[in-house]
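Visitor: I should like to be guided through this structure by way of questions. May we begin once it is displayed?

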Amino acid sequence: MILSEAELIEIRRHLHQIPELALKEFQTHDYLLSIIDQLKQDYLEIEIPQKLPTAILVLVKGSNPKRTIGYRTDIDALPVTEKTGLSYSSKHSNIMHACGHDIHMTVALGLLSYFSENQPQDNLLFFFQPAEESESGGKKAYELGIFHDQFKPDEFYGLHDNPNLPAGAIGCRIGTLFAGTTEVNIDVNGKSGHAAFPQNANDTVVASASLIMQIQTIISRSIDPIQSGVITLGKVEAGTIRNVIAGHTRIEGTIRGLTQKMILEIDDRLRDICQGIARSYNMEVKLKLNQGGYWPVENDPELTKKFISYMKNNPEVKYIETPPAMTGEDFGFLLAKFPGVMFWLGVEDDSELHSATLTPNEKSIMRGVDAVKGFLINRMEN
């Protein structure tokens with residue numbers, strides 16, 4: 001059974017109604033399996049990793065395989081209260097597919113349905129991945145060893161929807177597509193005291209203000225201006241009342257960089273500044289950096305050239321060269337382990353990703369299936 005456009009739209013709308021958070025995608029998992037079970041099974045081998053039970057691996061056995069081509073889709077949702085007003089809005093309170101993973105899954109099912117009826121030349125491995133939005137699902141999958149034997153890809157591909165591109169358009173670039181991220185948590189510990197007697201206290205607000213200002217110089221003075229990096233400190237908490245000097249300040253933020261090398265350089269500079277503030281103000285500064293699995297999405301140069309060449313020369317595809325984005329994606333970790341390509345699928349909407357009003361254009365689904373299907377067939381012939 002090759003899923004039609006109407007059937008794919010129906011599937012997408014059902015998935016949209018049952019969003020689930022990272023590592024809790026049990027209903028989504030069961031629904032995906034119910035669709036996969038309806039497909040022709042002659043070439044399929046399905047594996048559910050015991051250590052990552054909401055993940056699904058589907059191997060489509062090739063007729064004369066010389067490689068295994070991996071295709072990944074993420075399946076989790078976000079803690080967002082939907083405000084689209086759609087008849088098929090989320091049925092789960094305060095959870096929504098606000099990043100379009102329902103579109104991602106549907107495109108993957110469309111591809112899988114085609115190749116279940118039309119045996120590919122190479123092996124195809126479809127990976128339905130949990131926990132992209134948090135919990136570093138790609139890294140978990142790799143470190144748990146779920147890619148083994150015939151379920152180990154030689155190269156990996158995946159898409160992300162983009163509301164700023166026309167429905168069905170394909171966007172990509174050689175090099176970094178998405179930035180890598182590091183979570184920043186800083187605890188500044190001094191000594192609280194009465195506001196009237198500052199000499200008897202050690203004010204963490206003053207130290208933290210100096211720390212925050214110095215951190216801003218990392219991007220402006222320690223990073224090549226031709227490159228791109230971001231440090232945002234989005235949360236600062238200190239004190240309990242106006243006339244008590246705060247003995248503790250908590251600072252939380254994020255680092256974004258376009259290469260792993262740049263992120264590590266920013267991390268090192270941040271450590272230096274925290275150590276300097278600790279010495280200057282005679283207090284404890286505890287820095288915790290958590291990169292998890294959100295590495296930069298760095299596309300393999302040769303595979304990306306092949307991908308772009310195919311899309312540019314396909315008259316049915318609108319190809320758009322896109323700049324790098326500072327958003328994070330855990331597919332970057334997998335691309336650090338397997339050569340591959342991530343690309344955009346346009347879904348043409350006025351709302352941005354992670355918005356409570358995100359309403360992707362459903363015409364993008366079949367157009368995405370056709371474009372990626374064509375590329376995979378072309379890749380297997382070359």
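Guide: What follows is a set of questions and answers on a predicted model.

Visitor: In what order do the four strands of the open sheet lie?
Guide: Strands of a sheet pair through backbone hydrogen bonds, either parallel or antiparallel. In this open sheet of four strands the pairing is antiparallel. The edge strands, each pairing on one side only, are β10 (229-238) and β13. The order is β10-β12-β8-β13.

Visitor: How many bridges join β8 to β12, and how many does β8 form with β13?
Guide: Strand β8 (residues 180-189) runs antiparallel to β12 (residues 248-257), and ten bridges join them. With β13 (residues 284-290), β8 also pairs in the antiparallel sense. The counts are therefore ten bridges for β12 and seven for β13.

Visitor: Which residues are the bridge partners of glutamate 183, valine 184 and aspartate 187?
Guide: Glutamate 183 has its partner in β12, namely threonine 254. Valine 184 also has its partner in β12, and that residue is glycine 253. For aspartate 187 the partner lies in β13 and is lysine 286.

Visitor: How many of the ten residues of β8 are buried?
Guide: A residue is counted as buried when its relative accessible area is under 20%. Strand β8 is mostly covered by that criterion. The number of buried residues is eight.

Visitor: Which strands does helix α6 touch, and what angle does its direction make with that of β13?
Guide: Helix α6 (residues 260-281) packs on the sheet. Its contacts are with β8, β10, β12 and β13. The angle between the directions of α6 and β13 is about 165 degrees.

Visitor: Why does the span of helix α1 agree with its number of residues?
Guide: Helix α1 (residues 5-17) has 13 residues, and at 1.5 Å a residue it should span 18 Å. The expected figure agrees with the distance between its end C-alpha atoms, which is 19 Å.

Visitor: What covers the buried residues of α1?
Guide: The buried residues of this helix are Leu8, Ile9, Ile11, Arg12, Leu15, His16 and Gln17. Among the elements covering them are α2 (26-37), α3 (101-117) and α9 (363-380).

Visitor: Is glycine 62 buried or exposed?
Guide: Glycine 62 is found in the loop between β2 (56-60) and β3 (68-74). Residues that it touches, not counting those up to four places away in sequence, include Gln119, Pro120 and Asn123. Because its relative accessibility is 14%, glycine 62 counts as buried.

Key. Residues are numbered from 1 along each chain as its sequence is written. This is a predicted model: local features need pLDDT of at least 70, side-chain atom pairs count only at pLDDT 80 or more; totals for chains, interfaces and linings use all residues. Side-chain values use heavy atoms; hydrogens and water are left out. Buried means under 20% relative accessible area, exposed over 50%, partly exposed in between (1.4 Å probe, protein chains only). Helices (H or I, at least four residues) and strands (E, at least two) are DSSP runs, numbered from the N terminus. Two strands pair if DSSP finds at least two bridges between them. Contact means heavy atoms within 4.5 Å. Axes are lines fitted to C-alpha atoms, for helices over the stretch in contact, and angles run from 0 to 180 degrees between N-to-C directions. The expected span of a helix is 1.5 Å times one less than its number of residues.
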